[in-house]
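Welcome, and take a moment to look over the sequence and the model before reading on. The paragraphs below walk through it one feature at a time.

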Amino acid sequence: MRTPFSRRGFLGVAGGAVAAVGLTAPARTALAADGAAAVASAAPSVAPFPLSGVALLASRFHDNMDRTCAYLKFVDADRLLHMFRVNVGLPSTAEPCGGWEAPNVQLRGHSTGHLLSALAQAHANTGDDAYAAKARYLVGELAKCQAAAPGAGYTTGYLSAFEEKVFDQLEAGGSPWAPYYTLHKVMAGLLDQYRLSGDQQALDVLKGMAAWADARTSKLTHDQMQSVLRVEFGGMNDVLAELYMLTRDPAHLRTAQRFDHDAVFGPLAAGQDQLAGLHANTQIPKIVGAVREYEATGDTRYLDIATFFWRTVVRHHSYAIGGNSNAELFCPPDQIVSQLGENTCENCNSYNMLKLTRLLFFHDPRPEYMDYYEWTLYNQMLGEQDPDSAHGFCTYYTGLWPGTQRQVKGGLGADPGSYSSDYTNFSCDHGTGMETHTKFADSIYFRTGRTLYVNLFIPSELAWAERGVRIRQETRFPDEDTTRLTVSGEGRFTMKIRIPGWTRHARVRINRRDAGAAHAGTYLTIERRWRDGDTVEVTLPMGLDWRKAPDNPQVQTVSYGPVVLAGGYGGTQLTTIPAIDPKSVRAGGDDLTFTATAGGSDVTLIPFSEIQHQRYTVYWAVPPGPAKPRLTVRYPFGEGSGTTAKDATKTWPDATLVGGATWTGDGAVALDGKGGHVALPPGLISGLEALTIAAWVNPEELANSARVFDLGFHKNTYLFLTVRTGLGKARFAMKIAGMSAEDYVDAAGPIPAGTWTHVAVTIADGSAVLYFDGAETGRNDTLVMSPLLLGATQLNYLGRSQNSSHPYLQGQVDDFRVYNHALSAADVAALHAQGRTS
Ligand SMILES: [Zn+2]
């Protein structure tokens with residue numbers, strides 16, 4: 001429940017496909033409107049308008065598009081053709097590109113595909129023929145490269161900037177860098193050139209590539225093909241299924257379905273979230289493809305896969321800005337604060353999630369889809385571009401570790417947080433950035449036969465040719481909370497306006513007369529005979545919303561209406577998540593600027609997308625109020641039989657003896673050093689800003705890194721006490737993933753072997769003190785973090801480490817306790833003096 005788009009219940013997926021069948025399927029593109037497209041097998045019920053029918057008016061979106069368009073005009077087509085030509089022995093005098101397009105980088109050629117898509121969108125949206133002319137040149141030259149392929153020893157139809165033998169390596173079980181991923185970009189670019197700019201040659205070249213892909217993959221057994229699919233292949237199933245819907249050539253569908261990845265589709269079809277550890281952006285395009293395959297075949301399994309995937313990623317794998325992935329991987333579900341880093345939220349992922357969201361909406365127009373779309377558009381996509389770059393350079397990741405910044409760096413450009421460049425970057429996000437910032441007009445309005453959906457509040461003018469009307473939307477949203485729609489022309493149709501889930505008490509005025517309230521999280525329906533000059537005014541009141549992270553309710557984000565706010569920290573490094581006083585947040589003027597007190601200093605909060613060229617934080621620690629000092633957890637381990645142990649405070653579920661842990665004869669737990677450990681319940685220290693953890697331990701053997709206790713999520717987010725490190729001393733340490741170093745306290749020596757020792761660690765006010773047998777043995781008065789940042793730790797152990805490469809504890813443990821405050825030295829001494837009584 002951390003993002004507004006997951007507030008309302010998702011009602012399940014059944015019905016989406018049924019509802020779609022039989023409804024009118026309006027043309028999806030200008031070309032389709034001319035009758036070029038065949039009818040799909042499971043036609044969407046909702047369709048977009050052609051990009052040519054929606055003009056952006058002045059806004060941040062328009063500015064971003066202008067910058068990217070300037071780059072599209074600037075970039076040298078011959079440099080992006082260079083390696084395609086070289087690859088087939090055609091002459092080229094162009095200077096080779098750098099970055100991911102460099103002659104020795106296996107992904108070379110992908111940017112040429114993105115460029116074709118971006119040029120198609122820019123042409124369609126602006127009508128400027130310069131984009132079409134450049135693209136026609138690119139397509140014509142690519143056609144020559146494809147024609148020269150057989151002469152260069154390649155299979156007919158092959159078109160690539162790298163040699164075909166890369167596919168031999170792939171089919172032999174190797175892992176080259178994503179050859180089908182790159183071909184997919186080129187194919188998608190050609191398809192966009194055909195659909196949006198009407199370039200017939202682009203379709204011919206694409207068909208040639210599809211025939212090559214069919215020839216290449218038809219020779220493989222199912223198992224061999226599944227092995228090929230281990231390596232990122234972009235949306236091959238997507239582009240081939242779309243091509244099939246244009247051509248109705250069964251070979252195109254057959255080839256698309258060869259890219260159905262069993263290992264990923266299987267669990268999703270069964271409703272299982274097995275995404276943790278998978279490379280995120282490898283998966284999202286194939287799920288987009290699943291929707292296309294549903295459209296091509298009517299097989300609802302594809303739609304089930306896509307809807308389950310969307311729901312799972314949005315609800316359980318997405319950060320507060322709508323993005324997903326840490327270091328490009330999906331994390332275990334609901335791990336957010338425990339997975340903050342500078343490399344979170346690869347921007348391509350959200351580009352692809354928005355594609356998926358849009359397609360799912362076409363089949364099942366739920367407001368929550370467009371709520372997510374708006375949220376991620378404003379909070380991630382808009383801000384990925386540097387507003388100071390005349391060419392619309394983009395970052396690769398959107399880092400969410402406090403103190404991250406989006407910054408300009410030279411050189412090869414996948415370095416985290418850096419913006420791209422003219423010729424030395426060409427990362428995947430430079431590519432998807434070109435596309436994102438040339439298609440803002442494609443999701444503001446959708447339609448069915450007589451219904452207009454108003455999804456986004458982006459200043460724009462829609463020409464609805466079939467109904468002979470124009471709709472002009474004027475607003476400074478989100479700097480103001482009201483948007484005004486003016487109808488030119490006449491006719492009866494239904495207007496459905498999205499009332500976002502984040503608003504409250506939305507109001508509508510028609511022709512300046514109050515038309516009542518509208519419910520958040522719905523589409524407001526206005527059905528009437530519209531007359532020239534009719535106006536609709538929608539006011540969507542905004543307020544501050546604090547949202548708790550799922551794994552740590554004491555770490556929160558704050559948004560205002562649709563925008564996530566971020567604290568601007570200029571050049572100041574942050575070592576950890578700053579603590580904020582939520583009551584201190586004040587509006588700073590009539591724009592979206594706020595001030596607050598965090599970490600004892602004043603900080604300015606502005607929309608996250610506007611934070612550029614400075615360090616920032618989106619996540620804030622929100623300390624709890626004062627609590628009565630008490631013992632909050634105690635496992636005395638007096639049971640002596642069975643495999644469960646009771647919490648004496650009657651607060652927590654039973655702990656469990658696992659993996660060979662047994663009872664001693666005198667009321668303790670014996671651990672064998674081979675897997676035996678105690679599993680404690682999750683959440684034991686959640687919400688504690690100060691604490692004491694105490695236990696008795698009697699190690700038989702001192703193995704480096706063996707744990708007395710370890711509470712955490714994974715090997716980078718933990719709080720532990722080990723009997724000995726490589727330095728020969730016991731150590732207490734804690735860390736959350738994004739921190740560069742752990743907080744720790746070393747004891748004077750190891751925990752002694754062969755005898756019972758009472759161990760205790762107290763933490764409060766930036767100090768941690770470690771005690772053995774009631775006497776201080778080490779302290780650290782310069783803690784960076786507080787236990788509060790650990791949150792509801794899921795993996796809480798006695799005798800076992802978060803890190804599976806560490807040994808288990810061999811020995812005995814007893815009487816594990818947690819207090820919600822730091823015991824004094826005298827208190828710890830008294831606890832020790834009580835002795836080991838169960
Ligand atoms: Zn990327």
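**A guided walk through the model**

Both Tyr635 and Phe637 are buried, and they make a good place to begin in what is a predicted model. The two rings form a stacked pair, because their planes stand at 25° and planes under 30 degrees apart count as stacked. The ring centres of Tyr635 and Phe637 are 6.2 Å apart.

Stay with Phe637 a little longer. Phe637 sits in the loop between strand E22 (631-635) and strand E23 (644-645). Its relative accessible area is 0%, so Phe637 counts as buried. The backbone here is worth a look too: Phe637 is a residue other than glycine, yet its phi is positive, near 55°.

Another residue with a positive phi is His613, where the angle is about 60° although His613 is not a glycine. You can find His613 in the loop between E19 and E20. How buried or exposed is His613? With 37% relative accessibility, His613 counts as partly exposed.

The loop between strand E19 (601-607) and strand E20 (615-617) also holds Glu610. Glu610 has 43% relative accessibility and therefore counts as partly exposed. Together with Asp479, Asp590 and Asp591, Glu610 forms a negative surface patch.

Asp479 can lead you to the next stop, a special peptide bond. Phe477 and Pro478 are joined by a cis peptide bond, with omega at about 5°. Pro478 belongs to the loop between strand E7 (469-474) and strand E8 (482-488).

Now back to the aromatic rings. How many aromatic pairs does a search of the whole structure find? The search finds 38 of them. One of these is the pair of Phe233 and Phe259, a tilted arrangement with 5.6 Å from centre to centre and 45° between the planes. Phe233 lies in the loop between helix H10 (222-228) and helix H11 (236-247), while Phe259 lies in the loop between helix H12 (250-258) and helix H13 (262-269), so the pair ties together parts that are 26 residues apart in sequence. Phe233 and Phe259 are both buried. They also belong to a wider group: ring pairs link Tyr154, Tyr158, Phe162, Phe167, Tyr180, Trp212, Phe233 and Phe259 into a cluster.

Charged side chains make contacts as well, and the structure holds 39 salt bridges. In one of them, the side chains of Arg79 and Glu95 meet at 3.6 Å, N to O. This pair links distant parts of the chain, with Arg79 in helix H4 (residues 77-87) and Glu95 in the loop between H4 and helix H5 (110-126), 16 residues apart. Are these two partners buried or exposed? Arg79 counts as buried because its relative accessibility is 14%, whereas Glu95 has a relative accessible area of 52% and is therefore exposed.

The loop between H4 and H5 is also the place of Glu101. With a relative accessible area of 5%, Glu101 is buried. If you look from Glu101 to Glu742, the C-alpha atoms are separated by 38 Å, and the two residues are 641 residues apart along the chain.

A second salt bridge to visit joins the side chains of Arg216 and Glu171, at 2.7 Å from N to O. Here, too, distant parts of the chain are linked: Arg216 is in helix H9 (residues 200-218) and Glu171 in helix H7 (residues 165-171), 45 residues apart. Arg216, at 7% relative accessibility, counts as buried, while Glu171, at 25%, counts as partly exposed.

The last salt bridge on this walk is between Arg292 and Glu242, whose closest N and O atoms are 3.5 Å apart. Arg292 lies in helix H14 (residues 280-297) and Glu242 in helix H11, so this contact ties together parts that are 50 residues apart in sequence. Arg292 and Glu242 are both buried. Which residues share in the network around them? Salt bridges with shared partners join Asp192, Arg195, Asp238, Glu242, Arg292 and Glu295 into one network.

Terms used: Residues numbered from 1 in each chain as written. Predicted model: local features only at pLDDT ≥ 70, side-chain atom pairs only at ≥ 80, totals over all residues. Heavy atoms only, no water. Patch = residues over 30% accessible without salt bridge, like charges linked within 9 Å, V, L, I, M, F, W, Y side chains within 5 Å. Areas by Shrake-Rupley, 256 points an atom, 1.4 Å probe, with all protein chains shown as cover. Salt bridge = Lys/Arg side-chain N within 4 Å of Asp/Glu carboxyl O. Lys, Arg positive; Asp, Glu negative; His and termini not counted. Charge placed at Lys NZ, Arg CZ, Asp CG, Glu CD. Helix = DSSP H or I, 4+ residues; strand = E, 2+ residues; numbered from the N terminus. Buried < 20%, exposed > 50% of the residue type's maximum accessible area, 1.4 Å probe, protein only. Phe/Tyr/Trp six-rings, centres within 6.5 Å; stacked < 30°, edge-to-face > 60°.
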